[in-house]
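Here is a set of short questions and answers for a first look at a structure. Keep the sequence and the 3D view open while you read.

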Amino acid sequence: MTADADEVWFFDQDAGPLVRPYAITNGRTGPLRTGFTLITLVVTADPRTDTTRLSPEAAAIIGLCRERPLAVAEIAAGLDLPVSVVKVLLDDLCETRLILTRAPVRPADTPDVALIRAVIEGVRRL
């Protein structure tokens, strides 16, 4: 079976850069910290941070989070990387204190989930 002369594949150009996640994370499969959720907010610690010595992905995270805090899910979508890879990169950036993270604050007037479940169970018993 031979390919037509007109049909030429330029795999690298057509597919774009293909880098395995373990290459980006240096073989790590998860962050050391456990506090990263999809809605954890991330912001650059110092907007003037020099990113020339960082990996391209880490520099991109710093660039994305300079202006305003972004959620981990937003960063992953913006970089087109799996969330698990982004969490490892964020863990490294936290370790070097280049980013700050914060769990979203739950409004005080939001009912407690345990209370809602207790009410539902009480209604079911009626």
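Q: What percentage of the residues in the protein is buried?
A: The model is a predicted one. The protein has 126 residues. A residue counts as buried under 20% relative accessible area. By that cut-off, the buried share of the protein is 22%.

Q: How many helices and strands does the protein have?
A: From the N terminus on, the elements run α-α-β-α-β-α-α-β-α. The protein's totals are six helices and three strands.

Q: In what order do the strands stand in the sheet?
A: The sheet is open, and its pairing is antiparallel. Strand 2 (70-71) and strand 3 (99-102) are at the edges, each with a single partner strand, so each has one side without a neighbour in the sheet. The order is 2-1-3.

Q: How many bridges join strand 1 to strand 3?
A: Strand 1 covers residues 41-44. With strand 2, strand 1 pairs over two bridges in the antiparallel sense. Strand 1 and strand 3 also run antiparallel, and the number of bridges joining them is four.

Q: Which residue in strand 3 is the bridge partner of Thr-44?
A: Turn first to strand 2, where Leu-41 stands opposite Ala-71. Also in strand 2, Val-42 has Leu-70 as its bridge partner. In strand 3, the partner of Thr-44 is Ile-99.

Q: Which residues make up the covered face of strand 1?
A: Strand 1 has two faces, one covered and one uncovered. The uncovered face holds Leu-41 and Val-43. The covered face is Val-42 and Thr-44.

Q: Which helix supplies the largest share of the largest nonpolar core?
A: The largest nonpolar core has 20 residues. Val-42, Ile-61, Ile-75, Val-86, Leu-90, Leu-93 and Ile-99 touch the most other members. Helix 3 (56-64), helix 4 (72-79) and helix 5 (83-95) each give at least two residues to this core. The largest share, six residues, comes from helix 5.

Q: Which residues of strand 3 does Val-42 touch, leaving out those up to four places away in sequence?
A: Strand 3 spans 99-102. The contacts of Val-42 include Cys-65, Arg-68, Pro-69, Leu-70, Val-72, Ile-75 and Leu-90. Further along the chain, Val-42 touches Ile-99, Leu-100 and Thr-101.

Q: What share of the contacts between residues at least 6 apart in sequence joins residues at least 24 apart?
A: Contact here means heavy atoms within 4.5 Å. Among contacts in the protein between residues at least 6 apart, the share that joins residues at least 24 apart is 66%.

Q: How much accessible area does the nonpolar patch on the surface have?
A: The whole protein has an accessible surface of about 9500 Å², and carbon and sulfur atoms hold 57% of that. The patch is formed by Leu-115, Val-119, Val-123 and Leu-126. Leu-115 lies in helix 6, residues 113-125. Together the four patch residues have about 450 Å².

Q: Which residue forms a salt bridge with Arg-48?
A: The structure holds two salt bridges. Arg-48 counts as exposed because its relative accessibility is 70%. The partner counts as partly exposed, at 29% relative accessibility. The closest N and O atoms of the pair are 3.3 Å apart, and the partner is Asp-46.

Q: What is the N to O distance in the salt bridge of Glu-121 and Arg-124?
A: Both residues lie in helix 6, three residues apart, about one turn of the helix. Glu-121 is partly exposed, with 37% relative accessible area. Arg-124 is exposed, at 62%. Their side chains meet with an N to O distance of 3.0 Å.

Q: What is the phi of Asp-80?
A: Asp-80 sits in the loop between helix 4 and helix 5. At 69% relative accessibility, Asp-80 counts as exposed. Asp-80 is not a glycine, yet its phi is positive, at about 55 degrees.

Q: Where does Arg-97 lie?
A: Arg-97 has a positive phi near 60 degrees, in a residue other than glycine. Its relative accessibility is 70%, so Arg-97 counts as exposed. Its place is the loop between helix 5 and strand 3.

Methods:
Residues numbered from 1 in each chain as written. Predicted model: local features only at pLDDT ≥ 70, side-chain atom pairs only at ≥ 80, totals over all residues. Heavy atoms only, no water. Core = buried A, V, L, I, M, F, W, Y, C linked by side-chain atoms within 4.5 Å. Buried < 20%, exposed > 50% of the residue type's maximum accessible area, 1.4 Å probe, protein only. Patch = residues over 30% accessible without salt bridge, like charges linked within 9 Å, V, L, I, M, F, W, Y side chains within 5 Å. Areas by Shrake-Rupley, 256 points an atom, 1.4 Å probe, with all protein chains shown as cover. Pairing = 2+ DSSP bridges.
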